[in-house]
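Thanks for passing this one along. Here are my notes, set out as numbered points so that you can follow them beside the viewer.

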Amino acid sequence: TMTALRSLAQLYVAREKHADADPLYKLALAMFDKDAPQKKLSKKAQLNAPPPPPLLLETLDEYAAVLRKLRRKGEASKLESRAKPLRARLALMKTEN
């Protein structure tokens with residue numbers, strides 16, 4: 001599962017084995033995308049959509065940090081860009097409730 005892959009990746013990161021964590025994070029995100037594909041939503045639709053799972057945001061952040069350690073800044077930036085609208089949607093939902 002995504003959680004198990006992420007946990008193993010975190011273990012590798014804790015041991016500073018970032019190259020070993022990389023494919024695990026990548027697979028975890030692929031599993032999430034298969035189960036819940038991301039769509040661009042209008043602001044009105046964002047309010048009615050379920051909130052982004054915190055696990056997804058945490059995984060994106062952790063994987064971006066691993067990629068930066070591996071000097072793959074462009075890929076890390078893409079993940080951070082992916083997380084940004086999700087965080088904005090989460091913040092919007094919190095202010096609306």
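1. A cut-off to begin with, as several points lean on it: a residue is called exposed when its relative accessible area is over 50%, buried when that value is under 20%, and partly exposed in between. Arg71, at 73% relative accessibility, therefore counts as exposed. Please keep in mind throughout that this is a predicted model.

2. Now the overall layout. The chain has 5 helices and 0 strands, giving the pattern α-α-α-α-α along the sequence. Of its 97 residues, 31% are buried. The accessible surface amounts to about 6500 Å², and carbon and sulfur atoms hold 57% of that. Among contacts with a separation of 6 or more, 67% join residues that are 24 or more positions apart.

3. Helix H1 covers residues 2-14, and its geometry is easy to check. With 1.5 Å a residue, its 13 residues should span 18 Å, and the end C-alpha atoms are indeed 18 Å apart. Which residues of H1 are buried? They are Met2, Leu5, Arg6 and Ala9. Looking down the axis of H1, these buried residues fall within an arc of 95°, so they line one face of the helix. The general background is that an α-helix has 3.6 residues a turn, so residues three or four places apart point the same way. The packing partners of the buried H1 residues are helix H2 (18-35) and helix H4 (54-69).

4. Ala4 is another residue of H1 to look at. At 45% relative accessibility, Ala4 counts as partly exposed. Its C-alpha atom is separated by 8.5 Å from that of Ala28, although the two residues are 24 residues apart along the chain.

5. H2 passes the length check too. Its 18 residues should span 26 Å at 1.5 Å a residue, which agrees with the 26 Å between its end C-alpha atoms. The buried residues of H2 are His18, Ala21, Asp22, Leu24, Tyr25, Ala28, Leu29 and Phe32.

6. I would pause at His18, which lies in helix H2. Is His18 buried or exposed? With a relative accessibility of 12%, His18 counts as buried. Setting aside neighbours within four places in sequence, the contacts of His18 are Val13, Val66, Lys69 and Leu70.

7. Next, the core. The largest nonpolar core has 21 residues, and those touching the most other members are Tyr25, Leu29, Leu56, Leu60, Tyr63 and Leu79. At least two residues of this core come from each of H1, H2, H4 and helix H5 (73-96). Which helix gives the largest share of this core? That is H4, with 7 residues. As general background, nonpolar side chains in soluble globular proteins tend to be buried together.

8. Leu79 is a useful place to start when tracing the core. Apart from neighbours within four places in sequence, Leu79 is in contact with Leu29, Leu60, Tyr63, Ala64 and Leu67.

9. The aromatic residues deserve a point of their own. There is 1 aromatic pair in the structure. Tyr25 and Tyr63 form this pair, which is stacked, with 5.7 Å centre to centre and 20° between the planes. Because Tyr25 lies in helix H2 and Tyr63 in helix H4, the pair ties together parts that are 38 residues apart in sequence. Tyr25 counts as buried at 1% relative accessibility, and Tyr63 counts as buried at 5%.

10. Finally, two backbone angles to look at in the loops. Most residues other than glycine have a negative phi. Glu16, in the loop between H1 and H2, has a phi near 60°, a positive value in a residue other than glycine. Glu16 is exposed, its relative accessible area being 64%. Arg71, in the loop between H4 and H5, also has a positive phi near 60°. As noted in the opening point, Arg71 is exposed, at 73% relative accessibility.

Methods. Residues numbered from 1 in each chain as written. Predicted model: local features only at pLDDT ≥ 70, side-chain atom pairs only at ≥ 80, totals over all residues. Heavy atoms only, no water. Helix = DSSP H or I, 4+ residues; strand = E, 2+ residues; numbered from the N terminus. Expected span 1.5 Å × (residues − 1). Buried < 20%, exposed > 50% of the residue type's maximum accessible area, 1.4 Å probe, protein only. Arc of directions from axis to C-beta. Contact = heavy atoms within 4.5 Å. Areas by Shrake-Rupley, 256 points an atom, 1.4 Å probe, with all protein chains shown as cover. Core = buried A, V, L, I, M, F, W, Y, C linked by side-chain atoms within 4.5 Å. Phe/Tyr/Trp six-rings, centres within 6.5 Å; stacked < 30°, edge-to-face > 60°.
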